[in-house]
Amino acid sequence: MIPAALTDLPLWPPTNLGRDPLVPLDPGERDRFDAPVTKVRLPTDATAWLVTRHADVRQLLRHPGFSADLSRPGFPLLRALPPGALSDRRGGFIRMDGMEHSRLRRMLTAEFMLKSIRRIEPLIRQTVDRTLDDLRDAGPPADLVATFALPLPSMVICHLLGVPYADHDFFQLRSRTLLDRDAAPELVREHVAQLRDYLHRLVEAKCAAGDRADDLLSRLARDRVDTGELAVDELVGMAMLLLIAGHETTANMIGLSTLLLLRDVPGRYAALRDDPDQADTLVEELLRYLSIVRTGLPRLALEDVEIGGQLIRAGEGAIAVLSTANRDPVVFDGPDEFDPYRQAHQHVAFGFGVHQCIGQPLARAELRIALVELARRFPDLRLAAPTGQLPTRDNSIVFGLDALPVTW
Ligand code: HEM
């Protein structure tokens, strides 16, 4: 039973996020939020302020008066926390504030900088080639998600971290549960524990004397754990965050981007082959338009802050909605149009402020190379199922497709 005081408030996230997988928020749904900052009811029956405009979203996400730490009482949770979740969060710096957050994030900055990612472009290219061979061998027709969109970023992040890709069924299933807002809390607890145990064993092996491997987890084990700067548990939490964030997001972007290009702008898909230099611009517009983190970014006010003319009081929750910010007409002309030549770099698909995505150079490189090579090797690629029949991840924190049948 929903408490009477809440029944008039619109529910966030809405239940039909995936009706058209290429429309992050139905315009009809958008109209229900009549003010730029509106009070909403969350699935946990808590309330929060929904912040929808570009400038307000950026103000909220960079304001030190808001916390990303979900262990704080009153934090606006989008689903009930599984039992034991708060004692299990070491190293997961996406949900930490201040020094605790910056200490861990700083240890990774150099690894994910643009120049480090440029060095691994050959690895990304090889992996794209290999997964496109798998796509070719699987069809036609074939499922682009199973053969290409999901394995590509999974293989790359496994290689960078030093996690055996052979274990992909194990960690992909558990990552998925963690992001699924409908998963039973008990199952989430079990899957988090299993993933942590798995990574714990891996990290301990890397910490063992004599490990000279040149992957990220081995380097952190040698340079940070051995020196006492980082606890093993913290490294395990960081590994878990990177492994999940490093494959789920990019995989969903590749699947949805392919659907969008083939369905709505096939000419642009074909042109990618001859004009790969335009791919960077295209990727930014895809990130803006598709806004895959559709449920928004939750924060808790630690002090009274005015956002978009609304006073948000200390102790109240706020949700920064990236998809509406990315379609704010003040910043983007004709925001509901997909314009492959738009300069969309002001989008907030990677968030904003101190928690802005650390993996964005990697995600951009993977998307660019994946889409250009797909268009080059499969010039006649076509959808093999109507959009309405595609399985979507409506209840995931990161929206995407479970399958994308294609033919050529
Ligand atoms: C297109 C793909 C991606 C999208 C759309 C995306 C989106 C985001 C967003 C919106 C945030 C901010 C979360 C918040 O403020 O609460 C974030 C943070 C983060 N992302 Fe990504 N991400 C992508 C790819 C990646 C990749 C490939 C990695 C791998 C390293 C990664 C690692 C992270 C990490 C570690 C954080 C936490 C940063 C912090 O709290 O300081 N992401 N991402």
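User: Where does aspartate 45 have its place?
Analyst: This is a predicted model in which local features need pLDDT of at least 70, side-chain atom pairs count only at pLDDT 80 or more, and totals for chains, interfaces and linings use all residues. Residues are numbered from 1 along each chain as its sequence is written, and side-chain values use heavy atoms, with hydrogens and water left out. Helices (H or I, at least four residues) and strands (E, at least two) are DSSP runs, numbered from the N terminus, and in these terms aspartate 45 is found in the loop between β1 and β2.

User: What is the phi of aspartate 45?
Analyst: Most residues other than glycine have a negative phi. Aspartate 45 is a residue other than glycine with a positive value, near 70°.

User: Which strands stand at the edges of the open sheet of 5 strands?
Analyst: The pairing in this sheet, where two strands pair if DSSP finds at least two bridges between them, is mixed, and the order is β1-β2-β8-β5-β3. Two of these strands have a single partner each, so one side of each is left without a neighbour in the sheet, and they are β1 (37-41) and β3 (66-67).

User: Which residue in β8 stands opposite leucine 297?
Analyst: Strand β5 (residues 297-301) runs antiparallel to strand β8 (residues 317-320), and 4 bridges join them. Opposite leucine 297 in β8 stands alanine 320.

User: At about what angle to β8 does helix α2 run?
Analyst: Axes are lines fitted to C-alpha atoms, for helices over the stretch in contact (heavy atoms within 4.5 Å), and angles run from 0 to 180 degrees between N-to-C directions. Helix α2 (residues 54-62) lies across β1, β2 (47-51), β3, β5 and β8, and its angle to β8 is about 125°.

User: How do the residues of the contact of α7 with α11 divide by class?
Analyst: The axes of helix α7 (residues 151-161) and helix α11 (residues 232-264) come within 8 Å and cross at roughly 155°, which makes α7 roughly antiparallel to α11 (angles under 35 degrees count as roughly parallel, over 145 as roughly antiparallel, 65 to 115 as roughly perpendicular and the rest as oblique). The contact is made by residues including Leu152, Ile157 and Leu161 of α7 and Leu242, Gly246 and Ile254 of α11. With Ala, Val, Leu, Ile, Met, Phe, Trp, Tyr, Cys and Pro counted as nonpolar, Asp, Glu, Lys and Arg as charged, and the others, Gly among them, as polar, the division is 10 nonpolar, 4 polar and no charged.

User: Which residues of α11 does α8 meet?
Analyst: The axes of helix α8 (residues 168-179) and α11 come within 10 Å and cross at roughly 90°, and the two helices are therefore roughly perpendicular to each other. From α8, Phe171, Gln172, Ser175, Arg176, Leu178 and Leu179 take part, and they meet Met240, Leu243, Ile244, His247 and Glu248.

User: Which atom of the protein is the donor to the iron atom of the ligand?
Analyst: Donors are N, O and S atoms within 2.8 Å of the metal (3.2 Å for Na, K and Ca), and sites may look incomplete because water is not among the atoms. Cysteine 357 lies in the loop between α14 (322-325) and α15 (360-377). The single donor from the protein, 2.3 Å away, is Cys357 (SG).

User: What is the omega of the peptide bond from proline 140 to proline 141?
Analyst: Most peptide bonds are trans. Proline 141 lies in the loop between α5 (121-138) and β4, and the bond from proline 140 to proline 141 is cis, with omega near -10°.
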